[in-house]
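The following exercises concern strand pairing, sheet order and helix packing. Each task is followed by a worked solution.

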Amino acid sequence: MPLGCDDLKFKEVYLEINPEVKEALYPILQAEDLGGWNWVEKGSRLGCLFYLPANREWREKCERIKEKVEGLQEFDLEPGPVFYSARDINSCSWEKLIKEAGEPRQVLEGFWVIPPDYLKAKIPQGMFIKLRGGMAFGTGDHPSTRLALGLIRDWLRNYDKILDLGTGSGILAIVSAKLGAKEVTGIDNDPEAVSLARENVKLNKFEDRVEIKEGDLIKGLKGPYSGVIINILYPQIVSILPELDKITEKKAGLVLSGILFKQLPQLREKIALSPWEIIDTRVEGDWTGLYLEKKG
Ligand SMILES: C[S@@+](CC[C@H](N)C(=O)[O-])C[C@H]1O[C@@H](n2cnc3c(N)ncnc32)[C@H](O)[C@@H]1O
């Protein structure tokens, strides 16, 4: 006899964290092979709903997730009090909820991230980026990625040669190619990010135009690049700012993200001493993104 909806039991788990660690939770959940999850806004906190088979392992998994989230403090992130609760649910509701979690997400107006196996014929209008999840940063949900996406869309169209430093999942490199860049190089120092970004480049069929390499910032790169995208932490941005001149063309464009709003005055002072000029400044929450051009 086929199994009915009520024959398979699942646990619906509600995990509560500080919203600041949302992006860091993705790789933790993906490492536990969760097919999907839903976010629930809860005042100043963030809830995450996910589903696990109600076998002997569900509690172990939850404890592991809780421990990893609490461990984010080591990376200067503040998860706040982390707790979870669980309730029983039947398999039919679980399938429906998971399916909803795997739907395309609009990460910025006109930019949709879709799961790799999404086959629905009727898809919303806009630009689609197929992304496989993994341990790498770059699901498109973080404000610094969204700021970079908007700046690339508005300033870096049809560039010849783009460099994406700290490519993570490869999202910004792929978008650059979609926006007409002829040649894109994505660099990351994390081997897992490199292999995931390569896979995502393939999924989006850009192997002919996007190359992903393992590397440390601009070490060993010659260019010259007509556009550079950097979404890394502020100290790294500052450390390579004086070097960017050497690997970029005259009048090159530069997108900087990953800058906290409070770091902007300091960064402006450093930019004023460089060959770059700020053309566009955007803010989302605590984060800032900049578009700069090389002074002629
Ligand atoms: C904030 S994430 C950005 C990911 C993606 N570009 C995005 O916008 O969503 C920064 C990335 O930079 C990488 N990274 C950190 N230090 C690096 C370095 N010294 N050289 C190259 N990549 C680095 C990290 O591994 C991470 O994937």
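**Exercise 1.** Determine which residue in β7 valine 113 stands opposite, and place that pair within its strands.

*Solution.* Valine 113 stands opposite isoleucine 129 in β7. The model is a predicted one, in which local features need pLDDT of at least 70, side-chain atom pairs count only at pLDDT 80 or more, and totals for chains, interfaces and linings use all residues. Numbering starts from 1 along each chain as its sequence is written. Next, identify the strands (DSSP runs of E, at least two residues, numbered from the N terminus, as are helices, which are runs of H or I of at least four residues). β6 and strand β7 (residues 127-130) run parallel and are joined by four bridges; two strands pair if DSSP finds at least two bridges between them.

Then turn to strand β5 (residues 105-108), which runs antiparallel to strand β6 (residues 111-114), with three bridges between them. Leucine 108 has phenylalanine 111 in β6 as its bridge partner. Finally, β5 and β6 form a hairpin with two residues between them, and glycine 110 in the turn has a positive phi of about 90 degrees.

**Exercise 2.** State the strand order of the seven-stranded open sheet, and identify its edge strands.

*Solution.* The order is β10-β9-β8-β11-β12-β14-β13, with mixed pairing. The edges are β10 (210-214) and β13 (276-284), each of which pairs on one side only. From one strand to the next, the twist averages 15 degrees. At the β10 edge, five bridges join β10 to strand β9 (residues 183-188), and the two run parallel. One pair to locate is threonine 185, whose bridge partner in β10 is glutamate 211.

**Exercise 3.** Classify the packing of α4 against α5: are the helices roughly parallel or roughly antiparallel?

*Solution.* The axes of helix α4 (residues 143-155) and helix α5 (residues 171-178) come within 10 Å and cross at roughly 15 degrees. Axes are lines fitted to C-alpha atoms, for helices over the stretch in contact, and angles run from 0 to 180 degrees between N-to-C directions. The crossing angle therefore makes α4 roughly parallel to α5 (angles under 35 degrees count as roughly parallel, over 145 as roughly antiparallel).

For the contact (C-beta atoms, placed from the backbone, within 7 Å), α4 supplies Thr145, Ala148, Leu149 and Ile152, and α5 supplies Ile171, Leu172, Val175 and Ser176. By class, the residues of this contact are six nonpolar, two polar and no charged.

Technical notes:
Parallel < 35°, antiparallel > 145°, perpendicular 65-115°, else oblique. Contact = placed C-beta atoms within 7 Å. Nonpolar A, V, L, I, M, F, W, Y, C, P; charged D, E, K, R; others polar.
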